[in-house]
Amino acid sequence: MLWRLFVASAESRVAFPGAAALCRAFHAGASGDETNPMIYVSRAPWGIYDMLDAFFRRHDIPVGPVLFLREWGLSWRHPLPRRAEQHKRELISHILTLYHGLPFVLIGDSGQHDPEVYAEIVAAHPGRVRAVYIRNVSRDAGRVGEIERLAAAVAAAGSSLVLAADSAAMARHAAGLDLIASDGEEAVLAERAAANIGGAAAEPYQVGGPTPFATSQKLAEGELRSTLMQKPGAPPTIVVEPVHRDEPRSPPSAR
């Protein structure tokens with residue numbers, strides 16, 4: 001980890017296929033020219049800022065307005081860096097307060113502390129988070145529990161949660177919410193194809209009911225956990241949000 005953190009160059013690092021195009025699509029917004037602020041919060045130390053800056057430029061990832069890294073502040077009295085969860089939670093809360101007139105989209109990773117932090121953010125700022133997108137890379141039972149808590153907070157707020165191992169699935173959902181333009185979704189697919197990952201995004205499993213309360217009940221019944229743990233192969237794509245009665249919905253067992 002230390003070698004990758006402090007020695008590996010920007011050229012030696014790769015981006016998830018479609019991730020850079022997805023960031024550009026969120027930056028452009030539904031109209032294509034919104035220049036939405038993109039704010040990155042990382043638990044990495046400030047010492048790798050130059051490497052990250054080069055990585056963002058190499059992959060044409062929108063870099064503004066702010067990249068927040070972690071101040072480790074090591075000393076004899078405090079030989080360990082500040083906890084990553086605390087760093088992210090406090091910074092994101094401050095950002096939501098600073099941009100008090102804007103809605104937000106949260107993007108993270110199931111293998112890190114993002115589900116725990118995002119659950120608290122969504123609960124503390126009801127109505128502010130339009131959607132949460134989590135790159136789902138883990139089936140660990142402990143991580144599934146944290147994802148369930150995040151899903152419960154999202155459902156209670158009437159928002160949307162997408163768990164996906166594929167940027168294309170996130171792009172398709174974001175386009176459906178008018179968070180990105182249709183050509184943004186096409187750019188994500190093109191970037192995947194350039195990385196030899198072809199085909200459409202995986203069909204998602206829907207967890208939800210006609211209301212936020214009904215969606216919460218589905219989660220309490222264990223539908224999210226059973227879908228995550230019982231499907232073979234790569235972690236499945238799951239969408240947690242209220243399902244309107246006029247929308248088609250197939251249970252996971254029918255797929």
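Start with helices α7 and α8, which in this predicted model run roughly antiparallel to each other, because their axes cross at roughly 170° and angles over 145 degrees count as roughly antiparallel. To see this, select residues 167-176 for α7 and residues 182-194 for α8, and turn the view until both axes lie in the plane of the screen; the axes come within 9 Å. Two packed helices are described by the angle between their axes and the distance between the axes.

Next, show the side chains where the two helices meet. On the α7 side, select Ser167, Ala168, Ala171, Arg172 and Ala175, and on the α8 side select Glu185, Val188, Leu189 and Arg192, which are the residues in contact across this pair. If you colour this contact by residue class, you will find 5 nonpolar, 1 polar and 3 charged residues.

Now move to the loop between α7 and α8 and select Asp178, which is found there. Its phi is near 60°, a positive value in a residue other than glycine. Most residues other than glycine have a negative phi, and most peptide bonds are trans. Asp178 has a relative accessibility of 56% and therefore counts as exposed.

A second residue with this kind of backbone angle can be selected for inspection: Asp60, which is not a glycine and yet has a positive phi of about 55°. Asp60 sits in the loop between α3 (49-58) and β2 (65-70), and with 49% relative accessibility it counts as partly exposed.

The tour now turns to salt bridges, of which the structure holds 6. Return to α8, select Glu191 together with Arg24, and look for the closest N and O atoms of this salt bridge, which are 3.1 Å apart. Since Glu191 belongs to helix α8 and Arg24 to helix α2 (residues 19-28), the pair ties together parts of the chain that are 167 residues apart in sequence. Glu191 is partly exposed at 21% relative accessibility, and Arg24 is likewise partly exposed, with a relative accessible area of 28%.

Then select Lys88 and Asp114, whose side chains meet in a salt bridge with an N to O distance of 2.6 Å. Lys88 is in helix α4 (residues 84-98) and Asp114 is in helix α5 (residues 114-124), so that this pair links distant parts of the chain, 26 residues apart. Are these two residues buried or exposed? Both Lys88 and Asp114 are buried.

Keep α4 and α5 on display and add Arg89 and Glu120, which form a salt bridge whose closest N and O atoms are 2.5 Å apart. Arg89 lies in α4 and Glu120 in α5, and the pair therefore ties together parts that are 31 residues apart in sequence. Arg89 counts as partly exposed at 26% relative accessibility, and Glu120, with a relative accessible area of 39%, is also partly exposed.

Finally, zoom out to the whole protein chain and switch to a cartoon view, in which there are 10 helices and 7 strands to find. Of the 255 residues in the chain, 44% count as buried, and when a surface is drawn, the accessible area comes to about 13300 Å², with 56% of it belonging to carbon and sulfur atoms. Among the contacts in the chain with a separation of 6 or more, 75% are between residues 24 or more positions apart.

Note on methods:
Residues are numbered from 1 along each chain as its sequence is written. This is a predicted model: local features need pLDDT of at least 70, side-chain atom pairs count only at pLDDT 80 or more; totals for chains, interfaces and linings use all residues. Side-chain values use heavy atoms; hydrogens and water are left out. Axes are lines fitted to C-alpha atoms, for helices over the stretch in contact, and angles run from 0 to 180 degrees between N-to-C directions. Helices (H or I, at least four residues) and strands (E, at least two) are DSSP runs, numbered from the N terminus. Angles under 35 degrees count as roughly parallel, over 145 as roughly antiparallel, 65 to 115 as roughly perpendicular and the rest as oblique. Contact means heavy atoms within 4.5 Å. Ala, Val, Leu, Ile, Met, Phe, Trp, Tyr, Cys and Pro count as nonpolar, Asp, Glu, Lys and Arg as charged, and the others, Gly among them, as polar. A salt bridge is a side-chain nitrogen of Lys or Arg within 4 Å of a carboxyl oxygen of Asp or Glu. Buried means under 20% relative accessible area, exposed over 50%, partly exposed in between (1.4 Å probe, protein chains only). Accessible areas come from the Shrake-Rupley method with a 1.4 Å probe; for residues, only the protein chains shown count as cover.
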